[in-house]
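Ready for two short exercises on a structure? Keep the view open while you work through the steps.

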Amino acid sequence: MLNVEKLVAGYGKVEVLREVSLDVPEGALVTLIGSNGAGKTTTLRALSGMIAPWSGRVVLDGAEIGGLPPHEIARRGMAHSPEGRRVFATLPVQDNLLLGAFTRITGSRPKGDVAADLDRMFALFPRLAERRAQLAGTLSGGEQQMLAMARALMLNPRVLLLDEPSMGLAPRLVEEVFSTVARLKAERVTMLLVEQFAAAALDVADFGYVLENGRVTASGPASALKNDPAVRAAYLGQAH
Amino acid sequence: MQILGQLIVSGIAVGMIYGVIAFGYQLTFVTSKTLNFGQGEALMLGSLVGLTVVAYTGYWLMLPVVLAFGMVQGAVVERLGVRQAIRTGSESGWIMATIALGIIFKNLAENIWGRDALKFPSPLPEAPLSFMGVNVLPMEIAIVVGALGMMLLVELFNRRSIHGKAVVATANDRDAAGLMGINTSLVITFSYALSSMTAALAGVLVAPVTLTGASMGGALGLKAFAVAIIGGLSSGFGVVAGGLILGITETLTGYYISTGYKDVPGLVLLLLVLSFRPSGLFGTAAIKKV
């Protein structure tokens, strides 16, 4: 579904990603783990066009998308729930969700049933249903995270990029986020998940990639990575 | 008392013009953090194009032509003067570029329509109506209705239509809007088109009351900028209040003190607002909960 080959990207003159290659097969949940500054967020930003890749190939559904502007990439079916949630603060919850379906409503992606999908999101995230008329900027951090995920899902994406959905949330909410991810996986939503909670991410994922200083240093089935002594020592620590 | 009422009525009419131009500043500022310092010239061009077209089409058919012209003119300003500055992250390139375009438009207008003030035909009777001794020109009422109507239409578009919501989303967070599949460069071009369109409308509304001519834009654009600062560059209808405050203080000062000082109170207010409430009298800090 999504194939990344030797992706190089960075900011200004600083190279952050050094030939990152990874694969996200259809229906799979792939996680990208690594310490702060390893380049996880930068990888997602380069995939969705928020920054332009310097070199390498990004192929979605057989078509090269590297270097396209973000709105073109979204129109090809990539949804990105970005770091920091980035909800539209001055708009109500419901409008945030409708904007997630902007490409469908305006005809650049198959329309499907937007209203039914809206209801599906409200069923998946009942807190959002209660607050559908409330301005997104007044939601709590956990609610904003749910909104960011739901908004991305409203694209009916071919691939969903999730950047640190657990960031800054209370432990109970972190569990809720991971159970939501597990439910989406059960519905065969293709996902690339970036997470700081490596253990939890590997528990739920099919495949994993370990990123270190902008390079993939280990990869494989999530269960194998979890038992890899080097990965355990570096990322899973005593917590697991 | 009658005189006071009369002054307030004139102040409201001119204030609404300031308000609608200032509204145009807001439209581009929220989406791109830039604005067109040639906004006064957009108004002037709208008015002069209207003057030429009205001879062929009559008043009412002239309006859509002027609005369309305003949109094209605004899009041109964005493409030539602003887009590159936004792309390269230039903090000030757009300021000089939009001023330069304004000067070019003014010179162009001087060459086409001359330097003299021209009379603009009024679509409404030019005899004033009298309300309790206060004379109100029908055109002054049209100014208030037209200006408010335009702002309401834009607001309605932003709230109700998916494309309007896309504009608001771009104003909120341009990167995130791009991730939704919104072409945010196009949204910014569109906001410039809309902004010049409101200015062009203001031009044809005000021209029958004042006069029109190549030099009509400069002072109006600058005062409307003061109104945008006073009302808040991000607060929807704050510009209406700001415009009325400036318009009314101007006519009152002009009558009770001296026409020579009529610009002073508004500018003093501008300085006070900049010192004590930089986000504008009605501007609110963005809601953000972490």
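**Exercise 1.** Work out how much space lies in the second largest pocket and what lines it.

*Solution.*
Step 1: the volume. The second largest pocket holds about 440 Å³ of space. A pocket here is an open set of points on a 1 Å grid over the protein atoms alone, where a 1.4 Å probe fits, with protein on both sides within 12 Å along at least five of seven lines; lining residues have an atom within 4 Å of a point.

Step 2: the lining. It has 17 residues, and the closest to the pocket's centre are B:I86, B:R87, B:R174, B:T184 and B:S185.

Step 3: the helices (DSSP runs of H or I, at least four residues). α2 (70-75) of chain A and α3 (59-87), α7 (174-179) and α8 (184-206) of chain B each give at least two lining residues. The top contributor is α3(B), with 4 residues.

By the way, this is a predicted model, where local features need pLDDT of at least 70 and side-chain atom pairs count only at 80 or more, while totals for chains, interfaces and linings use all residues. Residues are numbered from 1 along each chain, chains are lettered from A, and side-chain values use heavy atoms, without hydrogens and water.

**Exercise 2.** Which residues of helix α11 (229-236) of chain A are buried, and where do they sit around the axis?

*Solution.*
Step 1: A:V231, A:Y235 and A:L236 are buried (under 20% relative accessible area, 1.4 Å probe, protein chains only).

Step 2: These residues share one side of α11(A), because they cover an arc of only 75° around the axis (taken from directions to the C-beta atoms).

Step 3: The face turned away carries A:P229, A:A230, A:A233 and A:A234, which are exposed (over 50%).

Methods
Points joined across faces, edges and corners; volume = space filled by probe spheres on them.
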